[in-house]
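Me: Please take a close look at where the rings of this model sit and what lies against them. Then work outward from there to the pocket, the strands and the loops.

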Amino acid sequence: MSFFRLKDLIRAVRVCKTATDERNVIRRESAAIRTSFKEVESQDARFVNVQKLLYIYLLGFPVQFGQLECLKLAASPRFSDKRVGYLGVTLLLDEKQDILTLLTNSLKNDMNNADDYIVGLALITLSCVASSEVANDLADEVERLLDSPRSYLRKKAALAAVRIVRREPDLADAFVGRVGALINDRHHGVKMGGLMLLEELCNYSQEALETGRKLVSVLARQLRGLATSEPSPEHSVRGINDPFMQISLMRLMRVVARGSQEASDELNDVLTLVATLDDTASNVGTAILYECAVTALAIPSDQPLRVLAINLLGKFLANTDNNARYVALATLSAAVITEAPSVQRHRDTVLQCMRDDDISIRRRALDLSFALINADNVKHIVNEILRVLPQADIEFRSSMVYRLSAAITLYADSHEWHVERMLRVLSLGGNYLNVRDLHKFIRLIAAQADESLQRRATRISFALLDRDISQDKMVIAGVWLIGEYADLLVARSQQQQAAESEVVAGATKSPGLDEDDLDILGALGKPIQKSSPSEPHVSAALDLDQELPEAIPEPADVVRLLASISRSPVISSPARRMTLTALAKVAGRFADQPSVLSSVRSALAYHTHSMDQEVQARAVEFEKLLGNELDAVRAAVMERMPLPEYAEVPYEEYVLNPTAMRMKALTVIKRPAIKPEDLIGDASAGGSKAAANAAAAAEANKQSVVSDLLNLMDEAPVAAPSSPPAQSQQPRQQSKMDSIADLLSSTTLSPIPASSQVTSPVSASAIIDNDDLGKDYTVFNEHGLEITLTPTKKPNTQVIDLLAKFTNVGENAISDVAFLVAVPKSQKIQIHPPSGQHISVGANITQLLRVSNPSKSAIRLRMKVSFTEDGQKHESMFDYSGFPPSIV
């Protein structure tokens, strides 16, 4: 049965009571339409059939067999046929299909048609589906129609030009000369099309970018007029005058003013005006304020305006509209790199968003919360994230645990806090911790010379395992600590022995025991609490406001816990093998207690018949080791393991803020804040030469700081570290000041965006084969901090990479490391942000310096380093020119 009209088909679909009935109707009608296409050549029948196909397509059924019929209908001379045909083309075809080339001739003919509405249909179709080939063929026609006397055609031609430029950027210059007239056109639609076209052109054409910057004053005047004038009845929405035009203007401003200090200065006032006039009472106002905030952050605007933009985004976080909150969180995650102090003011609101009902809001709030972490607030934010971790979505937990480990490792101010927080992470999300971070944690504890931290970590681990063995990595780390430091675990002081009744409760409980455990552990003479072996021993989460529990058990309790863990069905095979090793270690620690040895042998004997080959082999080997015939070697085998060795892999870039990597375009623009005076002390002491240098630096700071690393040889400003140096400087002698001023006479300092960090030098395969390259040159070694520079160089280049390595060789942690470098005027230097600012004992951080040396003169560096060691601030300025001539 075939339905002869579209209305009949719609009626038949609506009366279907089930999805099966609907599919049957559509299948019969599709077969009838396919037959009609083959047998009937009537244009009227094709017109009706294509309409029905489009309706079927909207219902979600495949209709690809009708693509060619749409092209035939678009070639019809009748306007009604063309309208349906072009509609079918835009819905059923895309630029990747070869059949689209058949449409080129129809579009070209229709663009030359005398009927403006047919020309409009062709332009709209072109703007929707044009491929690179079609754009090349029809660019001249679109360019001609941009000069049409009809505003109806000019606005549609502008939209088609946008599509052409996107698909074929080489054609961008052909449209640059016409955008000025389009933007100044009195017709609203033409002006909107012109703004869109110029925005697209600026992405591909330097000439268009210069044209746009010349129009900045015009754009600012138009935006000011829209923001302050009475709403137009024709274009106002919810009492706001022409919001679409305002947004288009700000989007164009964001493109043309990026990297231009002069253009940004012209926009500061009007953007401030827009930000203060509109409100968030409606979605329209929220949209305008959002575009205003993003524009202010994307250009080198004044600091007060940037703070205002951050406050606007923070205000969105209290909005009831989830869309506004989502975009605010995403933008703040990108802006936190350059505007961290301003974003920090909204930290509490962001942390509250982690508990939002919307999963997308929770995801963005988590990303921003991690991005906000620094040395000052790490404890507070880590605690809040730990509170959320047990209830977090499963798909979030791996990332949360990984970034929690990174934050704790990077910002820990003491080993005690580091170990305590990692134990909380393990107890709450140990199943999601990766092996690398687990090894780091174990190595941290094993590397401590003071046994007090090892004793406390082991006792906490015992208490945590007594409460819960559901977290696999917690079990592995805990039983490793118990096996290695069992003697520290059970050791008691005299005061503890006197107050033993007040020791933390819970160490005498044994999880996961069943009836078979009685014959294994009965010899211990301790009461055994039975529990179902099929249920993991899980207790309520620990209160983060309270100290972690510590247990001081008897040796018998240690064996009882390890034996019960080894029998538990909820642990993994690696955890079970580690538990058997811990049992053997405990036997070595308490070799003088026969009851402990007997109980350990009984616990191991149970696993000699395990179905797991590795577990069985380990149980047999340890049982043999505990036999009387190996008494002579047992003590040596059971000694503490040496410090674990593994290749330490640093955390990747953006580990705490992955959003910045995807949205770094919003954050790489910022006014330079570091001046040469910060490097050389009191500028006034340098005489006229220092004053001239300061003026030159101020002039150079007006340039954009957005420069690609590949443009290092150009006259781009030279970069300084992302963390500014301390403001307090010691006065220096006049002679030293003059020498520094001479050295810095052509050096400009400006901050490098974090998005261009380089964490390692060039690959070894691309380095010149030179014995002097790749060596470590020590340039500083004071107050427990050693700085070495390792030069590398690519072939056929004048750029030398210097990898600075800051190593803590002292006995105290080092924090707040800031490093500044200057070079002679014949060279230029680019300094990337360091891998961190805090260095624990024995650890190190790195920072990459790139020196452009076109004159191939000797490398001379003047360096200033400031850091805090054991609460004392240290600052040093020193020179280094000890590189051999061969490296240049």
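Reply: Start with a charge on a ring. K440 lies over the face of Y651, 3.9 Å from the ring centre. This is a predicted model, and every value here is computed from it. R567 gives another contact of this kind: its charged end sits over the ring of Y606, at 3.3 Å from the centre.

Now ring against ring. A search of the whole structure finds eight aromatic pairs. One of them is F37 with F65, a tilted pair with centres 6.5 Å apart and 55° between the planes. F37 belongs to helix α2 (residues 19-39), while F65 is in the loop between α3 (43-58) and α4 (67-74), so the pair ties together parts that are 28 residues apart in sequence. How enclosed are the two rings' residues? F37 is buried, at a relative accessible area of 10%. F65 is partly exposed, at 28%.

Y777 and F883 form another pair. Their geometry is edge-to-face: 5.3 Å centre to centre, 75° between the planes. Y777 lies in strand β3 (residues 777-782) and F883 in the segment after β10 (872-880), so this pair ties together parts that are 106 residues apart in sequence. Y777 counts as buried at 12% relative accessibility. F883 also counts as buried, at 9%. Y880 joins them: Y777, Y880 and F883 form one aromatic cluster.

Next, the pocket. The second largest pocket has a volume of about 470 Å³. It is lined by 21 residues, and the closest to its centre are H439, I442, W480, M578 and P644. Which elements give two or more residues to this lining? They are α25 (435-446), α27 (472-484) and α32 (573-589). Of these, α27 gives the most, with six residues. The character of the lining is mixed: 12 residues are nonpolar, three are polar and six are charged.

Move on to the strands. Strand β8 (residues 844-852) has neighbours by pairing. Nine bridges join β5 (residues 799-808) to β8, and the two run antiparallel. To fix the register, take K805: its bridge partner in β8 is T846. Strand β7 (residues 828-831) also pairs with β8 in the antiparallel sense, over four bridges. Here the register can be read from Q830, whose bridge partner in β8 is R850. Why is β8 described as largely enclosed by the rest of the structure? Eight of its nine residues are buried, so the description follows. In a regular strand, side chains alternate between the two faces of the sheet.

The hairpin of β9 and β10 comes next. Nine bridges join β9 (residues 861-869) to β10, again in antiparallel fashion. E869 has Q872 as its bridge partner in β10. Two residues lie between the strands of this hairpin, and D870 takes a positive phi near 55° there. β10 also leads back to the cluster above, since F883 lies in the segment after β10.

D870 raises the matter of backbone angles elsewhere. The loop between α13 (216-228) and α14 (243-256) contains R238. R238 has a positive phi of about 55°, although it is not a glycine. D242 lies in the loop between α13 and α14 as well. D242 is not a glycine either, and its phi is positive, at about 45°. Buried or exposed: what are R238 and D242? R238 has a relative accessible area of 70%; that is over 50%, so R238 is exposed. D242 is at 5%; that is under 20%, so D242 counts as buried.

One last contact in space. S151 lies in helix α9 (residues 151-167). S151 and L182 are 31 residues apart in sequence, and their C-alpha atoms are 9.9 Å apart. S151 has a relative accessible area of 23%, which makes it partly exposed.

To return to the rings: K440 lies over Y651, R567 has its charged end over Y606, and Y777, Y880 and F883 form one cluster.

How values were computed: Residues numbered from 1 in each chain as written. Predicted model: local features only at pLDDT ≥ 70, side-chain atom pairs only at ≥ 80, totals over all residues. Heavy atoms only, no water. Buried < 20%, exposed > 50% of the residue type's maximum accessible area, 1.4 Å probe, protein only. Pairing = 2+ DSSP bridges. 1 Å grid on protein atoms, 1.4 Å probe; cavity = no way out; pocket = protein on both sides within 12 Å on 5 of 7 lines; lining within 4 Å. Points joined across faces, edges and corners; volume = space filled by probe spheres on them. Nonpolar A, V, L, I, M, F, W, Y, C, P; charged D, E, K, R; others polar. Phe/Tyr/Trp six-rings, centres within 6.5 Å; stacked < 30°, edge-to-face > 60°. Lys NZ or Arg CZ within 6 Å of the ring centre and 35° of its normal.
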